[in-house]
Amino acid sequence: MRLILFALFLVGAAALAGTLLAWFAERRLDRMAEAWSFPDMAEVPSVDVALVLGTAPIGPEGGPNRYFIYRLDAAAGLWKAGKVKYFIASGSGEEPAAMRAGLIERGVPAEAIYRDPAAHRTWDSVLRARDIYGQKRIVIVSQRFHLDRALFLARREGIEAWGLEARDVEAPYSVFTELRRYPSALRAYYDVWTNAKAREGGKKVAIGVDPPS
């Protein structure tokens, strides 16, 4: 019985330690991003390329995903303000195609949008923007909680990056949606420390020279 109780204590202690470590990692990323992440488009530097981080176009309740809508609204605003010339619509599966269609609906010309369907995680999006698309200076578009992690990864990988904060969703779809940022923050540190590789490689693309796919 004592061994069982001791084992339960160790499991509980490990779970608590992991939770606290993930919370600390997320808070640290949030503080670090304050210098590079902006809700006001006027504060965002002008660059050639913006990286729009993917999410599903349809939300879990079956309607339009508000995270998706607000990211595209913010990205299109960059174009209309003359802040960027091109976009990398970065995601997995059908996300980039849906993002491209949404940007075109918002007035962005098709020839300014490059799709990257091999970005399965934020880490992939950042590495591929640098290694496949040759970008060393970008604006990243997403909600603030996502930008914290993306900006940390980009700057640790030698990319001069800033973030445009898309409007956040007032009520998260679920507790999981709200809490996933904490283990994701811990994973970001792990990826940097271990120098993880992108899941997929590919042929290099010269934005503005090669035609968009």
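These legends accompany close-up views of a predicted model.

**Figure 1. Overall layout of the predicted protein.** The protein holds seven helices and six strands. Along the sequence, these elements follow the pattern α-β-β-α-β-α-β-α-β-α-β-α-α. The chain has 213 residues, and 44% of them count as buried.

**Figure 2. Strand E6 and its two partners.** Strand E6 covers residues 160–165. Five of its six residues are buried, which leaves the strand mostly covered. Strand E1, residues 37–38, pairs with E6 in the parallel sense. Two bridges make up that pairing. Here Phe 38 stands opposite Leu 164 of E6. Strand E5, residues 137–142, also runs parallel to E6, and six bridges join them. On this side, Val 141 stands opposite Leu 164. Between E5 and E6 the chain passes through helix H5, residues 144–156. This β-α-β crossover is right-handed.

**Figure 3. Strands E3 and E4 with their linking helix.** E3 spans residues 86–90 and E4 spans residues 113–116. The two strands pair in the parallel sense over four bridges. Within the pairing, Ala 89 of E3 stands opposite Arg 115 in E4. Helix H3, residues 95–105, carries the chain from E3 to E4. The crossover is of the β-α-β kind and right-handed.

**Figure 4. Helix H5 and its surroundings.** How far apart are the end C-alpha atoms of H5, and what span should its 13 residues give? The end atoms lie 18 Å apart. At 1.5 Å a residue, the expected span is 18 Å, so the two values agree. H5 is mostly covered, with ten of its 13 residues buried. The buried set runs through Phe 145, His 146, Leu 147, Asp 148, Arg 149, Ala 150, Leu 151, Phe 152, Leu 153 and Ala 154. Charged side chains are among them, including Asp 148 and Arg 149. Just after the helix, Gly 158 takes a positive phi of about 85°.

**Figure 5. An edge-to-face pair between H2 and H5.** The structure holds four aromatic pairs. One of them joins Tyr 67 and Phe 145. Their ring centres are 6.0 Å apart and their planes meet at 85°, so this pair is edge-to-face; the cut-off for that class is over 60 degrees. Tyr 67 belongs to helix H2, residues 66–80, and Phe 145 to helix H5. The pair links distant parts of the chain, 78 residues apart. Are these two residues buried or exposed? Tyr 67 has 7% relative accessibility and therefore counts as buried. Phe 145, at 16%, also counts as buried.

**Figure 6. A tilted pair and an aromatic cluster at H5 and H7.** Phe 152 and Tyr 189 form a tilted aromatic pair. The centres are 4.7 Å apart, with 45° between the planes. Phe 152 lies in H5 and Tyr 189 in helix H7, residues 181–194, so the pair ties together parts 37 residues apart in sequence. Both residues are buried. With Trp 193, they form one aromatic cluster.

**Figure 7. A charge over a ring: Arg 155 and Trp 162.** The charged end of Arg 155 sits over the ring of Trp 162. Its distance from the ring centre is 5.6 Å.

**Figure 8. The end of helix H7 and the segment after it.** Thr 194 is found in H7. At 41% relative accessibility, Thr 194 counts as partly exposed. Its side chain reaches the backbone oxygen of Tyr 190 at 2.7 Å. Asn 195 is found in the segment after H7. Most residues other than glycine have a negative phi. Asn 195 has a positive phi of about 50°, although it is not a glycine. Its relative accessible area is 43%, so Asn 195 is partly exposed.

**Figure 9. Helix H4 in its enclosed setting.** H4 covers residues 122–131. Eight of its ten residues are buried, so the helix is largely enclosed by the rest of the structure. Which residues of H4 are buried? They are Thr 122, Trp 123, Asp 124, Ser 125, Val 126, Leu 127, Arg 128 and Ala 129.

Terms used
Residues are numbered from 1 along each chain as its sequence is written. This is a predicted model: local features need pLDDT of at least 70, side-chain atom pairs count only at pLDDT 80 or more; totals for chains, interfaces and linings use all residues. Side-chain values use heavy atoms; hydrogens and water are left out. Buried means under 20% relative accessible area, exposed over 50%, partly exposed in between (1.4 Å probe, protein chains only). Two strands pair if DSSP finds at least two bridges between them. A crossover is right-handed if, with the strands pointing away from the viewer, the path from the first strand over the helix to the second runs clockwise. Rings of Phe, Tyr and Trp (its six-membered ring) pair if their centres lie within 6.5 Å; planes under 30 degrees apart count as stacked, over 60 as edge-to-face and the rest as tilted. A charge sits over a ring if NZ of Lys or CZ of Arg is within 6 Å of the ring centre and within 35 degrees of the ring normal. The expected span of a helix is 1.5 Å times one less than its number of residues. A polar contact is a pair of N or O atoms within 3.5 Å; within protein, one must be able to donate a hydrogen and the other to accept it, and residues adjacent in sequence count only if both atoms are side-chain atoms.
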